[in-house]
There are 2 protein chains.
Amino acid sequence: MNAAPIEFHFDFLSPYGCLGSVGIERVAARHGRSVRWCPMLLGVTVIRIMGLRPVPETPLKGEYAAHDLPRFYRLVGLPWRPAPDERLDPLPGLRAFVWLDERDPAAAKSLAQRLYRAQWCEGRSISTPERVAAEAESLGIDGAAVRTALADDRIKTKLRERVDASIGRGVFGCPTFIVDGEMFWGADRLDQVERWIATGGW
Amino acid sequence: MNAAPIEFHFDFLSPYGCLGSVGIERVAARHGRSVRWCPMLLGVTVIRIMGLRPVPETPLKGEYAAHDLPRFYRLVGLPWRPAPDERLDPLPGLRAFVWLDERDPAAAKSLAQRLYRAQWCEGRSISTPERVAAEAESLGIDGAAVRTALADDRIKTKLRERVDASIGRGVFGCPTFIVDGEMFWGADRLDQVERWIATGGW
């Protein structure tokens with residue numbers, strides 16, 4: 001575990017991010033590497049900076065994704081059961097991650113994994129502080145402390161700083177992986193990520 | 001070769017399409033399958049219908065693609081040497097393909113492969129009827145006949161019909177592969193395409 005951690009840039013908004021979160025941990029484990037989870041916001045990169053629309057609202061691509069996602073989840077061995085949100089708000093979950101990551105990065109990663117699975121595999125919304133606190137409690141994390149943190153301006157600022165740092169690295173989509181200085185975008189690039197790790201690059 | 005051909009939807013505009021063109025023929029050969037090449041126009045799907053910008057002009061994504069493309073070409077074993085066009089016009093090449101595909105699909109595929117390589121691997125523009133005719137002549141195809149076909153309104157209409165047919169199938173990006181009714185988008189999905197062929201789906 002001497003090599004630098006693989007960076008995994010994630011937003012709960014992306015169901016492909018959930019696929020990537022499972023895949024990158026599998027790849028890292030096979031090669032004795034660690035993964036550093038880095039929060040980002042598609043609402044800032046894709047919508048504001050790139051000027052695009054959310055995938056489900058994009059003609060043709062939205063219909064493709066609706067077919068591709070359950071197929072991709074089956075391939076990876078994950079249930080596909082998205083929460084019935086009208087519109088997912090990733091902020092409470094990402095702020096809870098940032099708060100916990102300051103104290104206990106391993107616990108923060110467990111929480112993020114739990115939130116991804118709740119939202120995309122188990123049909124439970126993560127769009128409110130109450131729901132995020134409940135998921136945290138199910139992992140033995142103090143729910144009252146989570147709710148306090150989610151109302152804390154310092155944590156809001158901290159998330160903004162981390163999102164800015166991610167954008168500063170050139171990240172725009174989710175999932176994005178940075179391994180030994182090389183950036184790969186997409187759950188369908190994990191084979192290239194793994195090859196880069198195994199061979200040292202090409 | 002009893003199974004239906006794999007459909008490969010392509011536009012010369014996409015350097016990822018060139019990667020996909022090489023990859024899908026390798027996959028098909030490994031499984032004794034044939035590939036039917038289907039012209040499409042990103043200028044219609046991505047720009048007009050989906051309302052997006054070309055990748056090179058999209059902030060963040062453009063910079064990523066500029067790094068990702070040479071890396072992906074190296075991985076596949078292709079030279080990365082794009083023609084220095086200000087803006088590539090795929091129409092002469094796609095019309096030549098459509099014209100030849102009516103007469104000799106194998107020759108049309110050879111021409112399309114030659115045009116892809118000229119544009120993205122060998123630095124020769126394919127944006128004019130003269131250049132397309134020259135590339136055709138290098139394969140022993142009658143250049144004068146190509147030039148005549150490229151001025152023929154019937155061929156222009158024929159390309160429009162084929163592009164409409166592609167959109168009718170739900171195609172929006174390049175490369176897109178349709179295998180046994182399943183659509184996969186992206187040069188980075190060839191592993192899933194191959195798995196679908198090998199296993200009959202999941």
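This passage describes a predicted model with a chain A and a chain B, moving from the single chain to the contact between the two copies.

The secondary structure of chain A consists of 9 helices and 4 strands. Read from the N terminus, these elements follow one another in the order β-α-β-α-α-α-α-α-α-α-β-β-α, so that, in the order just given, a run of helices stands between the second strand and the third. The C-alpha trace of chain A extends over about 50 × 45 × 35 Å along its principal axes. For a chain of 202 residues, a compact globule would be expected to have a radius of gyration near 17 Å, and the 16 Å found for chain A therefore agrees with that expectation.

Several local features of the backbone lie in loops. In chain A, the peptide bond that leads from Cys174(A) to Pro175(A) is cis, its omega being near 0°, and Pro175(A) is placed in the loop between helix H8 (153–168) and strand S3 (176–179) of that chain. A cis peptide bond is likewise found in chain B, where Cys174(B) is joined to Pro175(B) with an omega of about 0°, and Pro175(B) is located in the loop between helix H8 (153–168) and strand S3 (176–179) of chain B. Another backbone feature concerns Leu60(A), whose phi is near 65°, a positive value in a residue other than glycine; Leu60(A) belongs to the loop between helix H2 (42–49) and helix H3 (61–76) of chain A.

Over all chains, the count of salt bridges comes to 34. One of them is formed within chain A by the side chains of Arg87(A) and Glu57(A), with a distance of 2.7 Å from N to O. This pair links distant parts of the chain, since Arg87(A) lies in the loop between H3 and helix H4 (91–103) of chain A, while Glu57(A) lies in the loop between H2 and H3 of chain A, and the two are 30 residues apart.

Two copies of a chain are related by a rotation about an axis and a shift along it. Here, chain B is superposed on chain A by a rotation of 180° with 0.0 Å of shift along the axis, the RMSD being 0.0 Å, and this is the relation of a two-fold axis. The same surface serves both copies, as 100% of the contact residues of chain B recur in chain A. Among the residues of chain B, Asp188(B) comes closest to the rotation axis, with its C-alpha at 2.9 Å.

In the interface itself, 33 residues of chain B are in contact with 33 residues of chain A. The size of an interface is often given as the accessible area lost when the parts come together; chain B and chain A bury about 3100 Å² between them, with 59% of this area on carbon and sulfur atoms. Between the two chains there are 6 salt bridges, including the one that Arg189(A) forms with Asp68(B), in which the closest N and O atoms are 2.7 Å apart. In addition, 18 residue pairs are in polar contact across the interface, both residues of each pair having pLDDT 80 or more. On the side of chain B that touches chain A, at least two residues are supplied by each of helix H2 (42–49), helix H3 (61–76), strand S4 (182–185) and helix H9 (190–199) of chain B, and the largest share, 8 residues, comes from H3(B). By residue type, this side of chain B divides into 17 nonpolar, 6 polar and 10 charged residues.

Terms used: Residues numbered from 1 in each chain as written. Chains lettered and ligands numbered in written order. Predicted model: local features only at pLDDT ≥ 70, side-chain atom pairs only at ≥ 80, totals over all residues. Heavy atoms only, no water. Least-squares fit on C-alpha atoms with pLDDT ≥ 70 in both. Contact = heavy atoms within 4.5 Å. Buried area = accessible area lost by both parts, 1.4 Å probe. Salt bridge = Lys/Arg side-chain N within 4 Å of Asp/Glu carboxyl O. Polar contact = N/O pair within 3.5 Å; in protein donor to acceptor, adjacent residues only side chain to side chain. Nonpolar A, V, L, I, M, F, W, Y, C, P; charged D, E, K, R; others polar. Rg over C-alpha atoms; globule rule 2.2 N^0.38 Å.
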